[in-house]
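Q: Hi! Could you walk me through this model once it's on screen?
A: Happy to, here it comes.

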Amino acid sequence: MNASSHLVLKVVALSTFLLTFAATLVTYFANPRTSLPVKVVTTLSLALGFFGIFLLPIDLSSASSSTNDLYILWEVIFWGTSVLAWAILPLMRETLLAGEFTTISRFREGVRKVLRVLLIYLLVRF
């Protein structure tokens, strides 16, 4: 077994363990009335956070090799957590908290609030 396939095996085993662990945590601590989409997004958020923590020692141990096999995984973790933190999670929160009566109206209100916050952030940032 070469080093690359050994690394792939480590990453697959780690991913399986962390997704299972995150799903177990969410199942245990979530309110039974919590909807499935919220549980799935929460599980994914936890798993990505845990994955970054556990991937760091693997990346450091493989740093002596000339190839950077884990670069794509770091990109997935970075962009996945960024999209979740700045778009999906706030949109879900605002949609669920909107006082509208129909699903479409709630979604529109959620998008409007999230875009307003992001616009204010961009204006203050630049």
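A: A quick definition to start: accessible areas here come from the Shrake-Rupley method with a 1.4 Å probe. Keep in mind that this is a predicted model.

Q: Great, so how much area does the protein expose, and what share do carbon and sulfur atoms supply?
A: The protein exposes about 9,200 Å², and 72% of that is supplied by carbon and sulfur atoms.

Q: And how many helices and strands are there?
A: There are four helices and zero strands, so the order from the N terminus reads α-α-α-α.

Q: What is the radius of gyration, set against a compact globule of 126 residues?
A: The protein has 19 Å, whereas a compact globule of that length would be near 14 Å. The C-alpha trace spans about 60 × 45 × 20 Å along its principal axes, and 21% of the 126 residues count as buried.

Q: Switching to H2: how far apart are its end C-alpha atoms?
A: They are 37 Å apart, which agrees with the 38 Å that 26 residues should span at 1.5 Å a residue.

Q: Where in H2 does the kink lie?
A: At Leu55, shortly before the proline Pro57, with an angle of about 30°. Leu55 is also one of the buried residues of H2, which include Phe50, Phe51 and Ile58.

Q: One more: is Glu109 buried or exposed?
A: Glu109 counts as buried because its relative accessibility is 16%, and the cut-off is under 20%. Glu109 sits in helix H4 and touches Ala98 and Glu100, leaving aside residues up to four places away in sequence.

How values were computed:
Residues are numbered from 1 along each chain as its sequence is written. This is a predicted model: local features need pLDDT of at least 70, side-chain atom pairs count only at pLDDT 80 or more; totals for chains, interfaces and linings use all residues. Side-chain values use heavy atoms; hydrogens and water are left out. Helices (H or I, at least four residues) and strands (E, at least two) are DSSP runs, numbered from the N terminus. The expected span of a helix is 1.5 Å times one less than its number of residues. The bend at a residue is the angle between axes fitted to the seven residues ending there and the seven starting there. Buried means under 20% relative accessible area, exposed over 50%, partly exposed in between (1.4 Å probe, protein chains only). Contact means heavy atoms within 4.5 Å. The radius of gyration is taken over C-alpha atoms; the globule rule is 2.2 Å times the number of residues to the power 0.38.
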